[in-house]
Amino acid sequence: MRISPEARFITRCVRAPDGLLPRELEQIAQTVQDWQAVAELAASHGVVGWVRQSVARDGVPIPPFVADGLRSAALAQVAHIARLDDALTKILAALRAADLPVILLKGPVLSRLVYPDPSLRPYSDIDLNVREPDEERVSELLLGTGLVEVPHGAEVERQLHAHHVHGGAAYHRVFMAPGGGVMVELHLDPLQMGLRPTREAARWERAQPVTVWPGALMLSLEDQLIQLSVHVHKHGFSRLIWLKDIDLLVRANADTLDWHAVLAGARAEGLTSSVWYTLWLASQLFGTPIPAGPLRALAPMPPVRWLYYLVWPPDGVANLHGHMRRRAVQFLAADSWRGMLPNLVLMGRRGARLRAIASAVLRR
């Protein structure tokens with residue numbers, strides 16, 4: 001991959017130390033021409049803490065204004081996470097009192113379980129997954145904590161067109177604190193692919209308690225890996241920290257991760273290509289130890305692989321220029337049938353997608 005010195009420096013800062021050559025960071029730093037870009041990219045990709053930690057560990061000299069900018073960004077992240085954690089504690093207590101089960105997704109779980117320091121994993125919102133029959137009760141509870149619901153474009157559009165589409169699924173609902181600073185996304189399934197999931201009941205059966213968040217559950221290890229892979233793919237590989245989630249999750253559970261279960265779960269939901277490409281990118285950028293066998297089993301046929309490289313160029317991701325292409329991943333019921341075609345080619349469960357497209361064409 002052709003990678004700019006700025007992107008290479010950031011990525012190497014986020015790599016595990018044993019994946020670096022002696023003095024590698026110092027040598028790359030000498031080639032950086034735009035330090036302002038380093039500070040901005042580190043902040044936008046959620047890896048400020050990693051850059052600061054690596055620079056301090058290896059004694060890499062960086063311009064004072066960059067060090068000051070990174071420090072300010074880190075302090076802002078800590079303050080924002082404190083507000084989110086305070087809100088989450090209150091929400092989980094209310095859910096527990098109402099005997100409403102909830103699966104907590106992504107940042108608040110991962111930062112405590114796989115990151116060496118929680119401050120290295122910033123997050124900007126709270127993602128809650130609830131059972132469909134509990135949706136309205138949980139919504140009322142969130143409103144009772146002082147949050148207000150705000151329209152979410154994709155879900156509003158889906159509801160307007162839902163009666164046209166067979167097999168479609170809800171997107172998330174959004175709740176926010178009136179003064180800002182806290183946002184909660186309420187999910188009915190953790191994948192958010194626009195198609196009704198095939199294994200939601202089984203996912204709940206496999207969910208495990210989160211000891212660091214009393215009252216919350218988390219996805220099983222294998223389900224987490226699938227969900228995280230699809231999430232970063234859905235967002236066009238636009239944040240490096242989301243790939244780091246996967247790197248650390250795999251490393252921390254290398255001896256217990258059931259790759260057969262990952263493959264089975266990805267196949268059932270039509271996500272093998274998505275999981276394959278995300279894991280492959282993590283292995284390229286971070287040296288994530290993905291076994292060759294599972295990676296081969298997940299990989300699509302060569303024409304689809306070529307399309308993945310074309311739609312989400314590895315060089316673009318490596319240069320920290322990921323780009324969201326939702327229509328290529330998610331099934332968007334509000335789209336015209338032509339808008340639904342890209343993910344028919346690039347994703348699985350093509351039969352379900354074809355039926356949904358046919359229902360959209362015939363019933364509109």
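Does Arg23 count as buried or exposed, or rather, which of these words fits Arg23? At 53% relative accessibility, Arg23 counts as exposed, where exposed means over 50% relative accessible area, buried under 20% and partly exposed in between, with a 1.4 Å probe and protein chains only. The model is a predicted one, so local features need pLDDT of at least 70 and side-chain atom pairs count only at pLDDT 80 or more, while totals for chains, interfaces and linings use all residues. Residues are numbered from 1 along each chain as its sequence is written, and side-chain values use heavy atoms, with hydrogens and water left out.

Arg23 sits in the loop between helix H1 (5-14) and helix H2 (24-29); helices (H or I, at least four residues) and strands (E, at least two) are DSSP runs, numbered from the N terminus. The phi of Arg23 is near 60°, a positive value in a residue other than glycine. Most residues other than glycine have a negative phi. Arg349 also has a positive phi, near 50°, and is found in the loop between helix H17 (341-346) and helix H18 (350-363). With a relative accessible area of 22%, Arg349 is partly exposed.

A third arginine, Arg239, lies in the loop between helix H10 (221-234) and helix H11 (240-252). Arg239 is buried, yet has no salt bridge, that is, no side-chain nitrogen of Lys or Arg within 4 Å of a carboxyl oxygen of Asp or Glu. The nearest side chain of opposite charge is that of Asp125, 7.8 Å away; on this count Lys and Arg are positive, Asp and Glu negative, and His and the chain ends are left out. What Arg239 does have is a polar atom of its side chain 3.2 Å from the backbone oxygen of Ser44. Leaving aside residues up to four places away in sequence, Arg239 touches Ala43, Ser44, His45, Gly46 and Val232, with contact taken as heavy atoms within 4.5 Å.

Now for the strands. Strand S5 (residues 183-187) is mostly covered, with four of its five residues buried. Strand S2 (residues 126-129) runs parallel to S5, joined by four bridges; two strands pair if DSSP finds at least two bridges between them. Within this pairing, Asn129 has His187 of S5 as its bridge partner. Strand S4 (residues 173-176) pairs with S5 in the antiparallel sense, again over four bridges. Here Arg173 stands opposite Leu186, and Phe175 has Val184 as its bridge partner. The hairpin of S4 and S5 has six residues between the strands, and Gly180 in that hairpin takes a positive phi near 85°. Strand S3 (residues 148-150) joins S4 through three bridges, running antiparallel, and Glu149 stands opposite Phe175.

Past S5, Gly194 has its place in the loop between S5 and helix H9 (200-206). Gly194 is buried, with a relative accessible area of 3%. Its C-alpha atom is separated by 5.7 Å from that of Gln330, although the two residues are 136 apart along the chain.

Technical notes:
A polar contact is a pair of N or O atoms within 3.5 Å; within protein, one must be able to donate a hydrogen and the other to accept it, and residues adjacent in sequence count only if both atoms are side-chain atoms.
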